[in-house]
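The following questions and answers go through one protein model for a reader at the bench.

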Amino acid sequence: MSNPSITCRFSVNSWQHLYSLHQAVRHAEDASANRLIIEGVIRNEPQLDRRDTPIRLVFAQSATPPYRRTTDNRIILGTLLRGETLSADIPVDAHVLAELKKNLAEYMSIDGIHVMITIGLNLPEQGWQKGMAADIVQLDYAMKGDGG
């Protein structure tokens, strides 16, 4: 029996690319020194009691992202922890992180454009309660204009 799943969408409120000289010096020792943080709010989702719920995704550069697979062979990108804020640490390789940063910077610089994130989750069989994590099996981003 497969786990229940949901798909949520949210508009990116803010994003930060964090990289400092100190982190560059440590980079050889700590492969996660390069990261990107995306924040937003998921609105009116039944699985979240229809409450506006902040979400924070941290993409961290990793030399070897530890991807697992679902029983139907989908890649598990990371896990989303349910608390007052939904939060995830998502390991990605350097090329994926560079592409994500480039696309976000390009999209966010266009007036009237919002970056929309779609996240697909496999929920725990016993339900997704606070303090529990759900597997992220989809994470897409796209541009959406103010006019429609």
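Q: How many aromatic pairs does a search of the whole structure find?
A: This is a predicted model, in which local features need pLDDT of at least 70, side-chain atom pairs count only at pLDDT 80 or more, and totals for chains, interfaces and linings use all residues. Side-chain values use heavy atoms, with hydrogens and water left out, and residues are numbered from 1 along each chain as its sequence is written. Rings of Phe, Tyr and Trp (its six-membered ring) would pair if their centres lay within 6.5 Å. By that criterion, the number found in the whole structure is zero.

Q: Which residue has its charged end over the ring of Trp 128?
A: A charge sits over a ring if NZ of Lys or CZ of Arg is within 6 Å of the ring centre and within 35 degrees of the ring normal. At 5.7 Å from the centre of the Trp 128 ring, the residue is Arg 82.

Q: Which residues touch the most other members of the largest nonpolar core?
A: Such a core is a set of buried (under 20% relative accessible area, 1.4 Å probe, protein chains only) Ala, Val, Leu, Ile, Met, Phe, Trp, Tyr and Cys residues joined through side-chain atoms within 4.5 Å. This one has 30 residues, and the elements that give two or more residues to it include strand S3 (53-61) and helix H2 (94-108). Leu 80 also touches Trp 128, counting heavy atoms within 4.5 Å. The residues asked for are Leu 57, Phe 59, Leu 80, Leu 121 and Trp 128.

Q: What percentage of the residues of the protein chain count as buried?
A: The protein chain exposes about 8700 Å², an area from the Shrake-Rupley method with a 1.4 Å probe. Of its 148 residues, the buried share is 36%.

Terms used. Buried < 20%, exposed > 50% of the residue type's maximum accessible area, 1.4 Å probe, protein only. Helix = DSSP H or I, 4+ residues; strand = E, 2+ residues; numbered from the N terminus. Phe/Tyr/Trp six-rings, centres within 6.5 Å; stacked < 30°, edge-to-face > 60°. Lists of a residue's contacts leave out its neighbours within four places in sequence.
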